[in-house]
Amino acid sequence: MTTENLLTFDDTSVAFEAKSDRELKKTHFIFASMNNPLLVRVGTALTSLALKLKLPVKGLIRSTMFDQFCGGEAIDKCEKTIDHLGRYHVRTILDFSAEGQEDEASFDFTRDEALRVADFAKENPNIAFCVVKLTGLGSRELMARVQEGKTLKPGEAARFEAFKARVEAIAKRAYDNGLRFMIDAEESWIQDVIDGIAYDLMRKFNRERPVVYITYQFYRHDALEKMKQGYADLTAEGCFFAAKLVRGAYMEKERERAEEKGYRDPIQADKAATDRDYNLAQEFILDHIDRFSVCSGTHNEMSCALLAGLMEAKGLKRNDERVYFSQLLGMSDNISFNLAKEGYNVSKYVPYGPVEKVLPYLFRRAEENSAIKGQSGREFILIKKEIERRKANK
Ligand SMILES: Cc1cc2nc3c(=O)[nH]c(=O)nc-3n(C[C@H](O)[C@H](O)[C@H](O)COP(=O)(O)OP(=O)(O)OC[C@H]3O[C@@H](n4cnc5c(N)ncnc54)[C@H](O)[C@@H]3O)c2cc1C
């Protein structure tokens, strides 16, 4: 498809319409701070230390990074954010983002939390999907052992069954409540296990409509083939296929591990190859839209514009329920709000959880938006542009 006449996302007045001048200044301050690599490095280290020493820094985190990227500390505390996004026709994906728990009681807690979200979502039309990271529901070490084909000891086998039962309980609740349920993608050394569970749940719950969504990471050179194969297998069995597409969040870790252990790097040779496969996947899906539903999870303007263009070329309505665009809360509002204004289905991941437990998530956002990787954060540039625009119009 050609790139002429594609949608653009330059209108920062739409992107930041909901922010007062004061709020915009605060956002500018946060992104300006993150744009400083030294500040990000020192800030993340000091924050972790301060929390360990029980210094009173929670309030500061809450009113800055947490406010920018998270909905609240609990489901009901996210209602303001959900309503706010809803006013601009942007729907919410509540994402319980407590990370780093590795015991059975925490896994049960995360399952119960996901069930609470599914019940909350049933009553709230502004919630688009339920989502989980499977490492919140079971041991990542166990998943790695299963993927390596190791024989599990009886206790381990029972824990693995308990893990699968937790995931299925959430999928069933989503199905019973008329919702859709996305399973996030994680590291390649546990991803086969995650995919296996996702396919099994699709077989169970995607008979009449798409309920369970698998996630493919297109920074992996095998993702496009895997997606096509998954689609062929599952639709041959009479299921609706559904996938979230992302580029992938663990590139450095993947490369380092492959080098350390001496196996072939699972990541594409370069960014252009990742972009190419991501966009080819969108084309494949639109060519098979009768049985394929998609959530395009990206901050990449070209991929979003291409998907919108493909929908038009296929004669789909902009709000066709089979196609969703999705971004993270606090990022790429220029894409989310412009797409929603044009009538497309848009949703934001809204992470929530206790401040100290969502810190790893916040640190990832800080690093992503800093100039650590040698490029100025794109959010920072957009906010500056909007501040300049408002100044000029005064
Ligand atoms: C709604 C939503 C849900 C998400 N869910 C998941 C999930 O379940 N699992 C997950 O892993 N991530 C997830 N992510 C994060 C996602 O994978 C990306 O890390 C992030 O969105 C940045 O990619 P992009 O498409 O937005 O933009 P871009 O800025 O265009 O792409 C950046 C991405 O390109 C890839 N890349 C960069 N350099 C290279 C290179 N040299 N070679 C090859 N590839 C390269 C990397 O994946 C990098 O993150 C999610 C993101 C969103 C918005």
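**Figure 1. Strand β5 is covered on both faces.** On one side of β5 sit F241, A243 and L245, and on the other sit A242, K244 and V246; all are buried. The model shown is predicted. Strand β5 spans residues 241–246, and 6 of its 6 residues are buried, so the strand is largely enclosed by the rest of the structure. Its partner in this view is β4. The two strands run parallel and are joined by 4 bridges. Within this pair, Q217 stands opposite V246 of β5. V246 also belongs to the residues closest to the ligand.

**Figure 2. Eight strands close into a parallel barrel.** The order around the barrel is β1-β2-β3-β4-β5-β6-β7-β8. On average, neighbouring strands of this sheet are turned by 30° against each other, direction ignored. Helix α14, residues 333–341, packs on the sheet. The helix touches β1, β7 and β8, the last of these covering residues 346–352. The direction of α14 makes about 140° with that of β8.

**Figure 3. Strands β1 and β2 run parallel.** Strand β1 covers residues 90–96, and β2 covers residues 127–132. They are joined by 3 bridges. I93 stands opposite F129, a residue of β2.

**Figure 4. V132 is a buried residue of strand β2.** V132 lies in β2. It has 23 other C-beta atoms within 10 Å; a residue counts as buried at 20 or more, so V132 is buried. Leaving out residues up to four places away in sequence, V132 touches A114, L137, I170, I183 and D184. One of these contacts, D184, is also among the residues closest to the ligand. E168 is 36 residues from V132 along the chain. The C-alpha atoms of V132 and E168 are separated by 12 Å.

**Figure 5. Strand β7 pairs with β6 in the parallel sense.** Strand β6 spans residues 292–297, and 4 bridges connect it to β7. G297 stands opposite S326 of β7. β7 is mostly covered, with 5 of its 6 residues buried. This strand also contributes to the surroundings of the ligand: the largest share of the shell, 3 residues, comes from β7.

**Figure 6. A shell of 24 residues surrounds the ligand.** The closest are D184, V246, R247, G297 and H299. Three elements each supply at least two residues of the shell: β4 (212–217), α12 (271–287) and β7 (323–328). By type, the shell divides into 9 nonpolar, 11 polar and 4 charged residues.

**Figure 7. Y175 is a buried residue of helix α8.** The helix covers residues 154–176, and Y175 lies within it. Y175 has 21 other C-beta atoms within 10 Å; the threshold for buried is 20 or more, so Y175 is buried. Neighbours within four places in sequence aside, Y175 is in contact with F205 and V211. K204 lies 29 residues from Y175 along the chain. The C-alpha atoms of Y175 and K204 are separated by 10.0 Å.

**Figure 8. K54 and H89 have positive phi values.** Most residues other than glycine have a negative phi. Phi of K54 is near 60°, and phi of H89 is near 60° as well. K54 sits in the loop between α3 (37–52) and α4 (58–69). H89 sits in the loop between α5 (79–87) and β1. K54 has 8 other C-beta atoms within 10 Å; 12 or fewer counts as exposed, so K54 is exposed. H89 has 18 C-beta neighbours inside 10 Å and counts as partly exposed.

**Figure 9. The protein chain has 16 helices and 8 strands.** Its radius of gyration is 21 Å, close to the 21 Å that the globule rule gives for 394 residues, so the chain is as compact as a globular protein of that length. The C-alpha atoms fill a box of roughly 65 × 60 × 45 Å along the principal axes. Of the 394 residues, 42% are buried. Among contacts between residues at least 6 apart in sequence, 76% join residues at least 24 apart.

Terms used. Residues are numbered from 1 along each chain as its sequence is written. This is a predicted model: local features need pLDDT of at least 70, side-chain atom pairs count only at pLDDT 80 or more; totals for chains, interfaces and linings use all residues. A residue is near a molecule or strand if its C-beta atom, placed from the backbone, lies within 6 Å of it. Ala, Val, Leu, Ile, Met, Phe, Trp, Tyr, Cys and Pro count as nonpolar, Asp, Glu, Lys and Arg as charged, and the others, Gly among them, as polar. Two strands pair if DSSP finds at least two bridges between them. Axes are lines fitted to C-alpha atoms, for helices over the stretch in contact, and angles run from 0 to 180 degrees between N-to-C directions. Two residues are in contact if their C-beta atoms, placed from the backbone, lie within 7 Å. The radius of gyration is taken over C-alpha atoms; the globule rule is 2.2 Å times the number of residues to the power 0.38.
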